[in-house]
Amino acid sequence: QVRLLESGGGLAQAGGSLRLSCAASARISGYTMAWFRQAPGKGRESIGSISTSGVATYSVDSVKGRFTISRDNARNTVYLQMNSLKPEDTGVYYCAGQAGGGTYAGTYGYWGQGTQVTVSS
């Protein structure tokens, strides 16, 4: 059983940056880790994932070049660096993990509780 805990959310101004962390309670070196977000009134959206070897892929064109997913297996932590934030980035951000996880939320069995990100214009 792996427990995930996100942190680092909060209020940012448009154009600003935030760094989210996702700390795991157990080793995640064998897990694909991912970030999702859910905007108010919308469904959960995949931001991207990072493989066990540290290769990140991004699912949403709007975050490419602005967001970076990374991992530190020694610390059992995954990060989401968000730069050039926009008001439309507002939402609850979740990390997820699963051995062999893919693009879709249904492929992940372990989830954090989420952290709120609010970007003001």
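Which side chains meet in a salt bridge at 2.9 Å, N to O? In this predicted model, they are the side chains of Asp89 and Arg37, and the close-up views below begin with that pair.

**View 1. Asp89 and Arg37 form a salt bridge between two parts of the chain.** The nitrogen-to-oxygen distance in this pair is 2.9 Å. Asp89 lies in the loop between β8 (77-82) and β9 (91-98), whereas Arg37 belongs to strand β4 (residues 32-38), so the salt bridge ties together parts that are 52 residues apart in sequence. Both of these residues are buried: Asp89 has a relative accessibility of 0%, and Arg37 has a relative accessible area of 7%.

**View 2. Arg37, Glu45, Arg66 and Asp89 are joined in a network of salt bridges.** Asp89 also forms a salt bridge with Arg66, and here the closest N and O atoms are 2.8 Å apart. Because Asp89 sits in the loop between β8 and β9 while Arg66 sits in the loop between β6 (56-58) and β7 (67-72), this pair ties together parts that are 23 residues apart in sequence. Arg37, for its part, meets Glu45 in a salt bridge of 2.8 Å, again given from N to O. Is Glu45 buried or partly exposed? With a relative accessible area of 32%, Glu45 is partly exposed, whereas Arg66, at 9%, is buried. The structure as a whole holds five salt bridges.

**View 3. The largest nonpolar core of the model has 26 residues.** Trp35, Leu80 and Met82 are the residues with the most contacts inside this core. Strands β3 (18-24), β4, β5 (44-50), β7, β8, β9 and β11 (115-120) each supply at least two of the core residues, and the largest share, four residues, comes from β3. A closer look at Met82 shows some of its surroundings: leaving aside residues up to four places away in sequence, Met82 touches Gly16, Ser17, Leu18, Leu20, Arg66, Phe67, Tyr93 and Val117. Arg66, one of these contacts of Met82, is also a member of the salt-bridge network in View 2.

**View 4. Cys22 and Cys95 form a disulfide.** The structure holds one disulfide, and the sulfur atoms of its two cysteines, Cys22 and Cys95, are 1.9 Å apart. Which distant parts of the chain does the pair link? Cys22 is in strand β3 and Cys95 is in strand β9, and the two residues are 73 residues apart. The link is right-handed, with 50° about the S-S bond. Buried residues are those under 20% relative accessible area; Cys22 therefore counts as buried at 1% relative accessibility, and Cys95 likewise counts as buried at 1%.

**View 5. Strands β7 and β8 run antiparallel and are joined by six bridges.** Along β7, the covered face carries Phe67, Ile69 and Arg71, while the uncovered face carries Thr68, Ser70 and Asp72. Arg71, from the covered face of β7, stands opposite Val78 in β8. Which residue takes a positive phi in the hairpin of β7 and β8? There are four residues between the two strands, and Asn76 is the residue that takes a positive phi, near 50°. Phe67, on the covered face of β7, can also be found in View 3, among the residues that Met82 touches.

Conventions. Residues are numbered from 1 along each chain as its sequence is written. This is a predicted model: local features need pLDDT of at least 70, side-chain atom pairs count only at pLDDT 80 or more; totals for chains, interfaces and linings use all residues. Side-chain values use heavy atoms; hydrogens and water are left out. A salt bridge is a side-chain nitrogen of Lys or Arg within 4 Å of a carboxyl oxygen of Asp or Glu. Buried means under 20% relative accessible area, exposed over 50%, partly exposed in between (1.4 Å probe, protein chains only). A nonpolar core is a set of buried Ala, Val, Leu, Ile, Met, Phe, Trp, Tyr and Cys residues joined through side-chain atoms within 4.5 Å. Contact means heavy atoms within 4.5 Å. A disulfide is a pair of cysteine sulfur atoms within 2.5 Å. Two strands pair if DSSP finds at least two bridges between them.
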